[in-house]
Every structure is written in C-alpha cells, then in structure tokens.
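Here is a briefing on how the helices of this chain pack. Please look over the sequence and the structure first.

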Amino acid sequence: MIDLEKVGVPVIDADHQKLAAVAESLRRALVQRADRVTVISRMNELIDGMCDHNNLETLLMRSSHYKNSAAHRHDHNHFIFMLSALIVDYQVDQRPVIQEFDVLIKAWRTNHIRRFDQPLAEAIRTHSARQTAPTPQAGNVLG
Ligand SMILES: [Fe+2]
Ligand SMILES: [Fe+2]
C-alpha cells in the first residue's frame, strides 16, 4: 500500500486513502502489463478521483478561508493534466509509463501533501477552533 502522511482531517485523509488505492491498482495493472482497456479505465478512475478531490478541497479552502487556494488548486490541475498526458503517452507509445507514473505519485504524496494539504488542514483546525470558541461577554470587552 502507498504510504501516505496523514493531515488529521478525516474527510481529507479518507479521500487520500481512496486515491492511493486507485493509484496502487493502476500501478499494478501497468506492472502486470494488463490489457489497454483495464489500464485506461484505471487511469480515468484516478483522474475522476483527483477531480472530485479538487472539488472537495476547494470547498474546504473556501469554508476555512485558506489563503493559498489559487496555488493549491493550480497544483491539483497540474497533476490532473500530467495524468491525462500520461494516458496519451501510454496509448501512443504502447509502453507501461511506470517511471513517469511513480514520479507523479511521489510528487503528490510528498510535495503536494506537505506543501498544500497540511497547511489546509491547519487552516481548517484554526477556523473550526474560532467557530467553537465562546464569544466574549459584553463585560469582558468593556473591561
Ligand atoms: Fe489532498
Ligand atoms: Fe490538495
């Protein structure tokens, strides 16, 4: 199983695990040189999952007032674009594209999660702590 760093927000961690399982089954299909229909359907499943994940994290970025949302979404879109390009390479070159796939997955599980998802999780925790903090009483505000 692909080893993933947890961010501590259950809905994000669960989605990451789901994506890792799809990525793993795609990698297995590539290594075993499964038929084209199987490989392309798993590639499409991973792209769909990444699009859904982008939507999920975009909603969380909005609701938690996360500051770096443009760069975060750009990194998601770049990943989705690179996966789509991999499908083309696979179809045109008729080769397993495992090395490129491994580079992409490594970038997601290390760079993306550390650089963008961990700070998003922190913003969610901070926002939720603010929401649940007791509101100051009039006497406290006025001294
Ligand atoms: Fe994520
Ligand atoms: Fe993300």
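Helices α1 and α4 pack at an angle of about 175°, and their axes lie 11 Å apart. That angle makes α1 roughly antiparallel to α4, since angles over 145 degrees count as such. The model is a predicted one.

**The α1–α4 contact**
- From α1, the residues in contact are Ile-12, Ala-23, Arg-27, Leu-30 and Val-31.
- From α4, they are Ile-98, Phe-101, Ile-105, Asp-117 and Ala-121.
- By class, this contact of α1 with α4 holds 8 nonpolar residues, 2 charged and no polar ones.

**Helix α1**
- Helix α1 runs over residues 10-31.
- Its 22 residues should span 32 Å at 1.5 Å a residue, and the end C-alpha atoms of α1 are 31 Å apart, which agrees.
- Ile-12, His-16, Leu-19, Ala-23, Leu-26 and Leu-30 are the buried residues of α1.
- These buried residues cover an arc of only 85° around the axis, so they sit on the same side of α1.
- An α-helix has 3.6 residues a turn, so residues three or four places apart point the same way.
- Pro-10, Ala-14 and Arg-28 are exposed on the other side of α1.
- The buried residues of α1 pack against two helices, α2 (36-64) and α4 (98-132).

**Val-31**
- Val-31 lies in α1 and takes part in the contact with α4.
- Val-31 is nevertheless exposed, because 11 other C-beta atoms lie within 10 Å and 12 or fewer count as exposed.
- Ile-80 is 49 residues away from Val-31 along the chain, and their C-alpha atoms are separated by 21 Å.

**Helix α2**
- α2 has 29 residues and reaches 42 Å from its first C-alpha to its last, close to the 42 Å expected at 1.5 Å a residue.
- Its buried residues are Val-39, Arg-42, Met-43, Leu-46, Met-50, Glu-57, Leu-60, Met-61 and Ser-64.
- The buried residues of α2 pack against α1, α3 and α4.

**The α2–α3 contact**
- α2 and helix α3 (residues 69-93) pack at an angle of about 175°, with 10 Å between their axes.
- This makes α2 roughly antiparallel to α3.
- The residues of this contact of α2 with α3 divide into 14 nonpolar, 6 polar and 2 charged.
- The α2 residues in contact include Val-39, Met-43, Leu-46, Met-50, Glu-57 and Met-61, and these six are also among the buried residues of α2.
- On the α3 side, the contact residues include His-72, Arg-73, Phe-79, Ile-80, Leu-83, Ile-87 and Tyr-90.

**Positive phi angles**
- Arg-33 follows α1 and has its place in the loop between α1 and α2.
- Its phi is positive, at about 50°, although Arg-33 is not a glycine.
- Arg-33 counts as exposed because it has 10 C-beta neighbours inside 10 Å.
- His-65 follows α2, and its phi is positive, near 55°.
- Val-97 is found in the loop between α3 and α4.
- Val-97 is not a glycine, yet its phi is positive, at about 50°.
- Val-97 is partly exposed, because 19 other C-beta atoms lie within 10 Å and a buried residue needs 20 or more.

Methods:
Residues numbered from 1 in each chain as written. Chains lettered and ligands numbered in written order. Predicted model: local features only at pLDDT ≥ 70, side-chain atom pairs only at ≥ 80, totals over all residues. Helix = DSSP H or I, 4+ residues; strand = E, 2+ residues; numbered from the N terminus. Expected span 1.5 Å × (residues − 1). Arc of directions from axis to C-beta. Contact = placed C-beta atoms within 7 Å. Axes fitted to C-alpha atoms, helices over the stretch in contact; angles between N-to-C directions. Parallel < 35°, antiparallel > 145°, perpendicular 65-115°, else oblique. Nonpolar A, V, L, I, M, F, W, Y, C, P; charged D, E, K, R; others polar.
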